[in-house]
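The following exercises practise the reading of a protein structure. Each task is followed by a solution that proceeds step by step.

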Amino acid sequence: MLWPKNLNKKIKPGVKLAAYTTFKIGGAARFLFEPDSLKELQDALVFARDKRLPVLILGSGSNILVSGSGLNALVIKLSGKDFKALSISGVYLQAGSGLKLNRLLTTAKNRGLSGLEFLAGIPGTLGGALMGNAGAWGKSIGDLVEEVSVLDYNGKTKLLKKGRLEFGYRKTNLRKFIIVGAKLKLTLSKQHEISLLISQFLKQRSLSQKNNLPNAGCVFKNAAPGQPVALASGSQTTSLWPAGRLIEACGLKGKASGGAVISSRHANFILNRGKAKSKDVLSLMRLAAREVERRFKVKLEPEIKIWK
Ligand SMILES: Cc1cc2nc3c(=O)[nH]c(=O)nc-3n(C[C@H](O)[C@H](O)[C@H](O)COP(=O)(O)OP(=O)(O)OC[C@H]3O[C@@H](n4cnc5c(N)ncnc54)[C@H](O)[C@@H]3O)c2cc1C
């Protein structure tokens with residue numbers, strides 16, 4: 001494919017995506033592109049649209065499972081400078097979507113701004129976090145958002161203010177856009193209090209989730225609110241159950257398929273023991289979903305995005 005001159009050398013064909021994901025799983029993208037500027041991104045989008053080439057946006061790859069047979073797509077990673085700008089004005093933090101959450105957290109802490117601490121330990125970018133309304137400990141990033149700058153897949157820019165944004169449990173109304181950056185509203189606090197909160201959240205996380213093997217965090221969303229779940233005794237019901245508890249109750253901790261295994265620490269994590277393939281992960285996901293539905297009458301919905 002002959003790309004426009006300014007992009008030709010930057011668009012790499014046949015790049016294996018395993019190295020770009022925390023699962024360390026996945027075949028090659030037909031093309032991978034890391035634009036330096038918004039203009040380059042817009043040019044690539046227009047070209048891909050005209051050639052009917054599907055486009056996929058990649059953040060840190062910490063919430064995706066890529067097919068082993070590769071992707072006939074242009075995968076775009078927003079790691080260039082236009083997507084990594086960061087500034088603070090008063091209690092507002094303006095950040096590019098390609099920045100890692102950890103970087104935002106440290107910058108905010110150094111400026112005595114609180115609000116992001118619950119994100120400590122989540123290995124994603126701002127763009128990925130907004131797209132899935134990432135959250136933990138009862139908080140989610142959508143609660144902090146004042147505005148989001150986006151591009152549509154024709155390369156047209158838009159600024160979406162708070163009133164036009166919807167964030168729910170691991171979802172937003174941003175799905176048809178590419179997120180370029182966002183403005184978050186934080187609150188003034190003391191650095192040592194922020195540090196304390198961060199270490200408390202990290203400690204809590206390591207108690208339940210410490211895994212040395214590659215993974216993509218929780219593979220399923222928790223059971224939808226309002227969905228009644230009969231407990232083993234049949235005597236109690238509750239409206240929201242963590243998917244990991246349901247999978248654990250089905251006795252699936254430690255269950256393996258090929259190179260993938262359901263974590264024996266946190267049953268909503270699937271680990272790559274070395275040579276796992278996407279089909280191994282999918283087979284464990286199907287098993288968990290089937291058993292949970294059979295036993296609890298709950299349909300588990302994937303939290304990770306499956307790219308195939
Ligand atoms: C150990 C571990 C712990 C985790 N803990 C949590 C947790 O506590 N809470 C939680 O919510 N998540 C958690 N996650 C999942 C994941 O880290 C988050 O969902 C994260 O926000 C994903 O960001 P990312 O940059 O890696 O996105 P990716 O995985 O690269 O992409 C995820 C989705 O977002 C889209 N996307 C990414 N960037 C953009 C953009 N700029 N514009 C448009 N679309 C975009 C992608 O196309 C894809 O559909 C965890 C993951 C791991 C590995």
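Helices (H or I, at least four residues) and strands (E, at least two) are DSSP runs, numbered from the N terminus. The model is predicted: local features need pLDDT of at least 70, and side-chain atom pairs count only at pLDDT 80 or more, whereas totals for chains, interfaces and linings use all residues. Residues are numbered from 1 along each chain as its sequence is written, and side-chain values use heavy atoms, with hydrogens and water left out.

**Exercise 1. The shell around the ligand**

Determine which elements each supply at least two residues of the shell around the ligand, and how the residues of the shell divide by type.

Solution.

Step 1. A residue is near the ligand if one of its heavy atoms lies within 4 Å of it. The ligand is surrounded by 34 residues, of which the closest are Ile57, Gly59, Ser62, Thr125 and Gly135.

Step 2. At least two residues of the shell come from each of β3 (55-58), α4 (126-131), β9 (135-136), β15 (178-185), α5 (191-209) and β22 (305-307). The largest share, 4 residues, is supplied by α4.

Step 3. For the types, Ala, Val, Leu, Ile, Met, Phe, Trp, Tyr, Cys and Pro count as nonpolar, Asp, Glu, Lys and Arg as charged, and the others, Gly among them, as polar. The shell then divides into 15 nonpolar, 15 polar and 4 charged residues.

**Exercise 2. Polar atoms at the ligand**

State how far an oxygen atom of the ligand is from an N or O atom in the side chain of Thr125, and what share of the accessible area of the ligand the protein covers.

Solution.

Step 1. An oxygen atom of the ligand lies 2.6 Å from an N or O atom in the side chain of Thr125. For the side chain of Arg175, the corresponding distance from a ligand oxygen atom to an N or O atom is 3.2 Å.

Step 2. A nitrogen atom of the ligand is 2.9 Å from a polar backbone atom of Ile179.

Step 3. On its own, the ligand has 960 Å² of accessible area (Shrake-Rupley method, 1.4 Å probe). The protein covers 92% of this area.

**Exercise 3. Helix α7 and the residue after it**

Is Asp280 buried or exposed, and what phi does Lys297 take just after α7?

Solution.

Step 1. Helix α7 (residues 278-296) contains Asp280. The helix has 19 residues and reaches 26 Å from its first C-alpha to its last, close to the 27 Å expected at 1.5 Å a residue; the expected span is 1.5 Å times one less than the number of residues.

Step 2. Buried means under 20% relative accessible area, exposed over 50%, and partly exposed in between (1.4 Å probe, protein chains only). Asp280 is buried because its relative accessible area is 8%. Other buried residues of α7 include Val281, Leu284 and Ala288.

Step 3. Contact means heavy atoms within 4.5 Å. Not counting residues up to four places away in sequence, Asp280 touches Ser257, Gly258, Gly259, Ala260 and Lys275.

Step 4. Lys297, just after α7, takes a positive phi of about 60°. Most residues other than glycine have a negative phi. Lys297 is found in the loop between α7 and β22, and it is exposed because its relative accessible area is 64%.

Key
A polar contact is a pair of N or O atoms within 3.5 Å; within protein, one must be able to donate a hydrogen and the other to accept it, and residues adjacent in sequence count only if both atoms are side-chain atoms.
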